[in-house]
Amino acid sequence: MLTARGPHCVADRKPENEEMRTRITGADIVLPRETARVDVVIEGDKIADIDPAPQTAVDETVDAAGLHLIPGVVDDQVHFREPGLTHKEDLLRATRACARGGVTTFLEMPNTSPTTTSQAALDAKLALASQKCVVNYGFYVGATPTNVADLREARRTPGIKIFIGSSTGDLLVDDQDALERIFAETTLPITAHCEDEATIRANRERIGPTADVRDHSRIRDHRAAVVATERAFDLARRHNHRFHLLHVSTADEVPLIREQITGDQRQLFTAEACLHHLLLNVDDYDRLGTLMQVNPSIKTAADNEGLWSGLLDGTLQVVATDHAPHTLEEKQQPYPQSPSGMPGVETSLAVMLDQAHQGRCTLQQVVHWMCDAPARTWDILHKGRIEVGRDADLVLVDLEQKRTVSNEDQHSKCGWSAWAGRELTGWPVRTWVMGQVAYQDGRVSEESLGQEAQFDHALGGFWVTQD
Ligand code: DOR
């Protein structure tokens, strides 16, 4: 079905074993340094040409007048629950949600069941993913207090995830000697969940038994985040180890990050903000209750402002979702039985396009934070930008389309969204994964179009490769 503003597509038949060539015409293309109304040609799974000669032969033309073409979103922090927790989410449902949302590559966290803490577990997840993922995939290897040998040897992974502070599951490395060994004896980039266990415990004791979810933000407070972040920075600096700080939740951490990224060892550090920490605050507990219970906890309106200014001035480089689905029944248990986490991949791009629509940032910034910066942070080959030779992971977005998020609409297995009821302006209307259409006109592919993301850590991370 074609909508008035939807991409119009004319296709010819193609002999087998020849690469299909598609011209996207009429859209404004968000290129690395400018936005230009030029045509883009996809050949097979690559971007073959930008601004091709008019007579360039193609098999198919997509008329995308009125739309913008951006690189596919790279979400570097998701929990897709397979294997082991598939009553909450699974790889097919999660990656269909990705395709719908314009996310073409994801990096997934190791707190599945079993945990991804060895090469065997990584290989098993990659094998599952190759059968099930509609979009491209990568999986972190998880740290435990005793698996440094596994972390040293791990391959086919963006890096090592440490929970310096417990969250869903039992992956936790709080012991200083174990942390020292991980930072000293491994070479893969490290990323961490930073909330200080001792501070959380002390706060919990001080507050006592509580069924008020607002206490979640008092137990996992500013100090818990700051203490753990300082600890991780200290480890990374002393061991000269590449480090990416996940889901920064407080304004207090922003100057700490700024010190690192302007210091002598700036090439070591990058940091990320999640949409819920940018856009929700403790005042929203009245409306959302345990649905917005997440770790690190949601903080205050002043923290929202601090995180936005950190993002806008380049202190924080990446915007991600921390897509962490739980069923509605699980979430609706009384606090503190209610688990922490909320879904995000299906709506993240639309939420940020809506922020651009509201004038809070530009489309180019959204593309930088969600596509280019995460690809460079994790040294992912051929992703993140619209350039000749890169993978044809592309999204057409309609910056004028208005739609209200609803729980019934979600492809994610958990079937709810903290953004339900919000009208957003700006939506993805078509997604290509490696040159194949993964989402169009309300229809999401079920094919395993995704491929394993390739990492080249010799590229040296975000700062070395920055323009
Ligand atoms: O809120 C969260 N939920 N934060 C995390 O770090 C983990 C996640 C989950 O896996 O549920």
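**Close-up 1. Residues around the ligand in this predicted model.** Around the ligand there are 14 residues, and those that come nearest are Arg81, Asn111, Thr168, Asn295 and Ser340. Sorted by class, this shell holds nine polar, three nonpolar and two charged residues.

**Close-up 2. Polar contacts of the ligand with Asn111, Asn295 and Ser340.** Let us start with the side chain: Asn111 places a polar side-chain atom 2.9 Å from an oxygen atom of the ligand. Asn295 takes part through its backbone instead, with a polar backbone atom 2.8 Å from a nitrogen atom of the ligand. For Ser340, too, the backbone is involved: one of its N or O atoms there lies 2.9 Å from a nitrogen atom of the ligand. How much of the ligand does the protein bury? The ligand exposes 290 Å² when taken alone, and the protein buries 100% of that.

**Close-up 3. The cavity that holds the ligand.** If you are looking through the cavities of this model, the largest cavity is the space taken by the ligand.

**Close-up 4. The aromatic pair of Phe183 and Phe243.** Searching the whole structure gives eight aromatic pairs. One of them joins Phe183 and Phe243 in a tilted arrangement, with 6.2 Å from centre to centre and 40° between the planes. Where in the fold do Phe183 and Phe243 lie? Phe183 belongs to helix α4 (residues 176–185) and Phe243 to strand β15 (residues 243–245), so this pair ties together parts that are 60 residues apart in sequence.

Terms used: Residues numbered from 1 in each chain as written. Predicted model: local features only at pLDDT ≥ 70, side-chain atom pairs only at ≥ 80, totals over all residues. Heavy atoms only, no water. Near = heavy atom within 4 Å. Polar contact = N/O pair within 3.5 Å; in protein donor to acceptor, adjacent residues only side chain to side chain. Areas by Shrake-Rupley, 256 points an atom, 1.4 Å probe, with all protein chains shown as cover. 1 Å grid on protein atoms, 1.4 Å probe; cavity = no way out; pocket = protein on both sides within 12 Å on 5 of 7 lines; lining within 4 Å. Sits in = over half its atoms within 2 Å of the grid points. Nonpolar A, V, L, I, M, F, W, Y, C, P; charged D, E, K, R; others polar. Phe/Tyr/Trp six-rings, centres within 6.5 Å; stacked < 30°, edge-to-face > 60°. Helix = DSSP H or I, 4+ residues; strand = E, 2+ residues; numbered from the N terminus.
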